[in-house]
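Dear colleague,

I am handing over the structure below, together with some notes on what was found in it. Please read the notes with the structure open beside them.

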Amino acid sequence: MSETLLTVEDLSIRFRTRHGMVQAVKGVNFQMREGETLAVVGESGSGKSVTALALTRLLPETCGLSGRIHYAGREMLDLDPAALRDIRGKEIAYIFQEPLASLNPVFTVGEQIAEAIRYHYPRREVREQVVEALARVGIREPERRYRDYPHQLSGGMNQRVMIAMALACQPRLLIADEPTTALDVTIQAEIMALLKRLRTETGMAILLITHNFGIVKNFADRVAVMFRGEVVEFGDTAQVLAEPRHPYTRALIECIPRLGSRRRRLATIDHAQLEEDAS
């Protein structure tokens, strides 16, 4: 059994608005082991991305954050800003949604990856490392691509650049927030196969945020289902998908379109009924 890498206990997140404090996440609990892939699923607005950002405190200072985030022997909520910066990118790295929105359009992709390495290893000669990182994620002619700008690359290649940047410092935990968003199904399959291969080669753990149950089934060891800011179901992927216990999990699975069911209406989720069933 692998050792526990990350423990989240009773995590709550509140945002200050002009109408008062809004509870975005309430009492979230889960664990991650070394080298495993945990998928976090749920509809938009359920608190998946906010929870992931809270792990390294990448949230506005004005938000209310409470609970416990224990990573590799350290309490993340107690660390000072300098200690957090040492962890971000080096030990815990992110692949954010929509790579074109995350990459800087006025710098080459090579320089953006190099910047991440130089921050944590300022004395290293990084160009060769960047070229190697680009090659590792399947980008052809990495020497030439080093000099390209994001707008010169396709969506799939920009996503590979984001993965190369995230893995440049060999993190122990990779947080992939919808890494296949806006990509066609062929490129989606290539990106997920790439992440699976890199996980095997490096031994890193992956926290995968997704709406795609096909990806969850084929990629994740365990799954956490979020509904209205809470984890309502957590367990081994095969068990959760075969025997979902919470009505929201069952409703999500029921919403998956199935080939061959031409006359079957696509299911919808009745939130009011779900809350009544869950209570």
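In this predicted model, the structure holds 2 aromatic pairs. One of them is formed by Tyr94 and Phe96, whose rings are stacked with 5.3 Å from centre to centre and 0° between the planes. Tyr94 is buried, at a relative accessible area of 11%, whereas Phe96 is partly exposed, at 32%. In the pair of Phe227 and Tyr248, the ring centres lie 4.3 Å apart and the planes stand at 25°, so this pair is stacked; the angle qualifies because planes under 30 degrees apart count as stacked. Phe227 belongs to strand β9 (residues 222–227) and Tyr248 to helix α11 (residues 247–254), so the pair ties together parts that are 21 residues apart in sequence. Phe227 is buried, with a relative accessible area of 7%, and Tyr248 is buried as well, with a value of 0%.

Aromatic rings also meet charged side chains here: Arg127 lies over the face of Tyr146, at 4.1 Å from the ring centre, and Arg199 lies over the face of Phe219, at 5.6 Å from the ring centre.

Turning to the interior, the largest nonpolar core has 36 residues, and those with the most contacts inside it are Ile95, Ile113, Val161, Ile163, Leu174 and Leu195. Several elements each supply at least two residues of this core, among them β6 (92–95), α4 (109–120), β7 (173–177) and α8 (185–202), while α7 gives the most, with 6 residues. Leaving aside residues up to four places away in sequence, Leu195 touches Ile95, Ile163, Leu174, Pro179, Ile206 and Phe219; Phe219 is thus a residue that Leu195 touches and over whose ring face Arg199 lies. Apart from the largest core lies another core, of 31 residues, which includes Val40, Ala52, Leu59 and Leu173. As general background, nonpolar side chains tend to be buried together in soluble globular proteins.

Finally, there is an open sheet of 4 strands, which has the order β2-β1-β4-β5 and antiparallel pairing. Its edge strands are β2 (20–33) and β5 (74–75), each of which pairs on one side only. Within the sheet, strand β1 (residues 4–17) and strand β4 (residues 64–71) run antiparallel and are joined by 7 bridges, and Glu9 stands opposite Arg68 in β4.

With best regards

Technical notes. Residues numbered from 1 in each chain as written. Predicted model: local features only at pLDDT ≥ 70, side-chain atom pairs only at ≥ 80, totals over all residues. Heavy atoms only, no water. Core = buried A, V, L, I, M, F, W, Y, C linked by side-chain atoms within 4.5 Å. Buried < 20%, exposed > 50% of the residue type's maximum accessible area, 1.4 Å probe, protein only. Contact = heavy atoms within 4.5 Å. Phe/Tyr/Trp six-rings, centres within 6.5 Å; stacked < 30°, edge-to-face > 60°. Lys NZ or Arg CZ within 6 Å of the ring centre and 35° of its normal. Pairing = 2+ DSSP bridges.
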